[in-house]
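Dear colleague,

I am passing on the structure we spoke about, with the sequence alongside. Please look it over first, and then read the notes that follow.

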Amino acid sequence: MSVTIDIAGLPTERITFAPSPLAELCMALHALSQPAHHPGLNSWTTATAASLDPCLADRLLEADFMWRSSFSDIFMPFAGLPGGTGQPAATLAEALDVLDRLDDERFVRAALEQCWLALYNEGGPSSSPLANPAARAKALETAAARGPRQLDFSVRLLDDTASVRVWMRRLLEDCDEAFFAETWKRVEPGQSADARHKTEVLRRKGLPTVLKEVSAALSVDAAGTTITADKMVNGSTTATDPRIGAGLVFVPTNFGWPHLLVLHAPGWRPVVHYPLGSPELTSEPGSVELLQRRMEALAHPMRMMLCRSLARAPFTTSELATVYGITAPEVSRHLAVLKKAGLMHTRRQGRYAQHQLDLPAVARIGSDFIEGILR
């Protein structure tokens, strides 16, 4: 499985490296909401979470599905704005101005990307939750499985998009004031230096070499027409879409490992969001019998796929069945194996039973597995 980027005919000068403060804010919010994904950031997440104003923390919970289980494209609005520069803004304020210029359709699709599982690869007005009652119902049904906060936010977004957009901008501005401005001041120089370095590597040594420096999960074919990202998901995009203009952007992040993100939404410029550094995960010994049980549980390809979703967020059995095109009883049997191996846990959310991977338990198997499923 992989995500491919068609770069046939794309001039090298249209491949750029640049930091993005808004994209980094997304990753920082993700690290705060999922500290188990980022053990190397424990000091920062602990200190930042402890210093958050309770009101701001509550507001963040209302929209956390945009960065908790995955990463909404609204944090890279430069990639989806027709007629724009196609490059990240230098400051957060400028990036939020670009976000304000996205039309409601693109904004809503990007914001609901994570709570409507089929939305990312669907296009056209027929699938718009703003225009199609069936599409709206589908989006809200999936949001309901995430919990009442997510459902309430999604209803507000669809019923009064303008006010939610104002609310969202204010939320991100308050995050900047509370903790992100100081964080960005610290990490931006390193990201800019990395972007300059990789730009020079691209110019002097070519695309295959610079891709190896970005991530071992990236490669380009011999003809130089297709970049492939080794991920546990299938997708494709093009860097020469006339709707948005030709170009491919690489954005570094200090908060991203182990995630390697590839924005491949239809009608958006492709973006590769790559982590700087790969901190080691701590490990502790377990019994040989338990290790054997866990390795047997993970040997099945479908259970590996389920782990990819369960590592990011809680999912119901029916959601997983829909995502992977198998029956709910089949999902239940696979989940039972993972649970017996001590790799997942289940909790009740109203009338829903939600399942999630136990990341600390999985981390003890090895960082390669963690990086693979979270990439």
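Does D97 count as buried, partly exposed or exposed? With a relative accessibility of 40%, D97 counts as partly exposed, and I return to its partner below. Please keep in mind throughout that this is a predicted model.

First, the overall picture. The chain holds 15 helices and ten strands, and of its 375 residues 54% are buried. When contacts between residues at least 6 apart in sequence are considered, 69% of them join residues that are at least 24 apart.

Salt bridges

The count of salt bridges comes to 14. In one of them D97 meets R169, with 2.9 Å from N to O, and this pair ties together distant parts of the chain, since D97 belongs to helix α4 (residues 92-101) and R169 to helix α8, 72 residues apart. While D97 is partly exposed at 40%, R169 has a relative accessible area of 18% and is therefore buried, the cut-off being under 20%.

Helix α8 takes part in another such link, in which D174 forms a salt bridge with R59 and the closest N and O atoms are 2.9 Å apart. Here too the pair connects distant parts of the chain, with D174 in α8 (residues 161-205) and R59 in helix α3 (residues 54-62), 115 residues apart. D174 counts as buried at 14% relative accessibility, whereas R59, at 22%, counts as partly exposed. Both pairs belong to a network of salt bridges that links R59, D97, D100, R169, R170, E173 and D174.

A further salt bridge joins D159 to R136, the closest N and O atoms being 3.0 Å apart; D159 lies in helix α7 (residues 148-159) and R136 in helix α6 (residues 133-146), 23 residues apart. Of these two, D159 is exposed, with a relative accessible area of 53%, and R136 is partly exposed, with 26%.

Helix packing

Helix α8 also packs with helix α1 (residues 21-33): their axes come within 10 Å and cross at roughly 110 degrees, which makes α1 roughly perpendicular to α8. On the α1 side the contact is made by P21, L22, E24, L25, A28, L29 and L32, and on the α8 side by L172, C175, F179, F180, W184, V187 and Q191. These residues divide into twelve nonpolar, one polar and one charged.

Helix α11 (residues 301-310) deserves a separate look, because eight of its ten residues are buried and the helix is thus largely enclosed by the rest of the structure. The buried residues are M302, R303, M305, L306, C307, R308, S309 and L310, a list that includes the arginines R303 and R308.

The sheet

Four strands make up an open sheet of mixed pairing, in the order β3-β4-β1-β5. The edges are taken by β3 (218-220) and β5 (235-238), each of which has a single partner strand, so that one side of each is left without a neighbour in the sheet. From one strand to the next the twist averages 20 degrees. Strand β3 runs antiparallel to strand β4 (residues 226-230), and three bridges join the two; within this pairing, V220 has I227 of β4 as its bridge partner. Helix α9 (residues 207-214) packs on the sheet, where it touches β3 and β4, and its direction makes about 170 degrees with that of β3.

A buried loop residue

Finally, which residues does A63 contact, leaving aside its neighbours within four places in sequence? They are F153 and W167. A63 itself is found in the loop between α3 and α4, and at 0% relative accessibility it counts as buried. Its C-alpha atom is separated by 8.6 Å from that of M168, although the two residues are 105 apart along the chain.

When you go through the model, I would suggest starting from helix α8, which holds R169 and D174 and also makes the contact with α1.

With best wishes

Methods
Residues are numbered from 1 along each chain as its sequence is written. This is a predicted model: local features need pLDDT of at least 70, side-chain atom pairs count only at pLDDT 80 or more; totals for chains, interfaces and linings use all residues. Side-chain values use heavy atoms; hydrogens and water are left out. Buried means under 20% relative accessible area, exposed over 50%, partly exposed in between (1.4 Å probe, protein chains only). A salt bridge is a side-chain nitrogen of Lys or Arg within 4 Å of a carboxyl oxygen of Asp or Glu. Two strands pair if DSSP finds at least two bridges between them. Axes are lines fitted to C-alpha atoms, for helices over the stretch in contact, and angles run from 0 to 180 degrees between N-to-C directions. Contact means heavy atoms within 4.5 Å. Angles under 35 degrees count as roughly parallel, over 145 as roughly antiparallel, 65 to 115 as roughly perpendicular and the rest as oblique. Ala, Val, Leu, Ile, Met, Phe, Trp, Tyr, Cys and Pro count as nonpolar, Asp, Glu, Lys and Arg as charged, and the others, Gly among them, as polar.
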